[in-house]
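User: I would like to learn how to read a protein model step by step. Could you take me through some questions about salt bridges, a helix and a surface patch?

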Amino acid sequence: MLMINEPIKCTLLGNCYSGKSHFLNCIKKPNECNEDYYPTIGVDFCLHYLKNKQKVHLWEISGDPRFYNIISSYFKAAKFFIVFCDLNSRSSILGLNYWLDNIREFSNYRNNFFISIVCVDSSKYEGNRSF
């Protein structure tokens, strides 16, 4: 059971260019949210407070395969996972299984965790990103 003063650990997952960084940057700086893309090197972190003063630790894991060997440690204490998928990328869609399998394998909570899948349409950002 999660206590109200205990931080919630949430891990953001998905292939490269799936929208994780954009999502996290909009939470960090809501008034400066834009479509610029800066790839995450390894991991990124944000501390966020919900309206009820609940702390949420948001960990964004790079979708770059070069960093896959470090990701398991970010699954351990996470109870919430948000998996991002770009509907215009076959590899992003196929990558969903990879991320879901890793959650099942590495989460300390085994079958007692929450997963949300966020699907994005990158075509509306094509002029602003270099793929």
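Analyst: The questions below deal with charged pairs, then a helix, then a surface patch. This is a predicted model, in which local features need pLDDT of at least 70 and side-chain atom pairs count only at pLDDT 80 or more, while totals for chains, interfaces and linings use all residues. Residues are numbered from 1 along each chain as its sequence is written, and side-chain values use heavy atoms, with hydrogens and water left out.

User: How many salt bridges does a search of the whole structure find?

Analyst: Side chains of opposite charge can pair when their charged atoms come close. A salt bridge is counted when a side-chain nitrogen of Lys or Arg lies within 4 Å of a carboxyl oxygen of Asp or Glu. By that rule, the number found in the whole structure is 3.

User: Which residue forms a salt bridge with Lys28?

Analyst: The N to O distance in this pair is 2.9 Å. The pair links distant parts of the chain, 16 residues apart, with Lys28 in helix α1 (residues 20-28) and its partner in strand β2; helices (H or I, at least four residues) and strands (E, at least two) are DSSP runs, numbered from the N terminus. The partner of Lys28 is Asp44.

User: Is Asp64, which forms a salt bridge with Arg66, buried or exposed?

Analyst: Buried means under 20% relative accessible area, exposed means over 50%, and partly exposed lies in between (1.4 Å probe, protein chains only). Arg66 has 59% relative accessibility and therefore counts as exposed. Asp64 has 17%, so this residue counts as buried.

User: What separates Asp101 and Arg104 along helix α2?

Analyst: The side chains of Asp101 and Arg104 meet in a salt bridge, with 3.0 Å from N to O. An α-helix has 3.6 residues a turn, so residues three or four places apart point the same way. Because Asp101 and Arg104 are 3 residues apart in α2 (residues 90-106), their separation is about one helical turn.

User: Where is the kink in α2 centred?

Analyst: The bend at a residue is the angle between axes fitted to the seven residues ending there and the seven starting there. In α2 the kink is about 25°, and its centre is Leu96.

User: Which residues make the nonpolar surface patch of about 270 Å²?

Analyst: One member, Leu47, is found in strand β2 (residues 43-49), and at 39% relative accessibility Leu47 counts as partly exposed. The patch is made by Phe45, Leu47 and Tyr49.

Methods
Patch = residues over 30% accessible without salt bridge, like charges linked within 9 Å, V, L, I, M, F, W, Y side chains within 5 Å. Areas by Shrake-Rupley, 256 points an atom, 1.4 Å probe, with all protein chains shown as cover.
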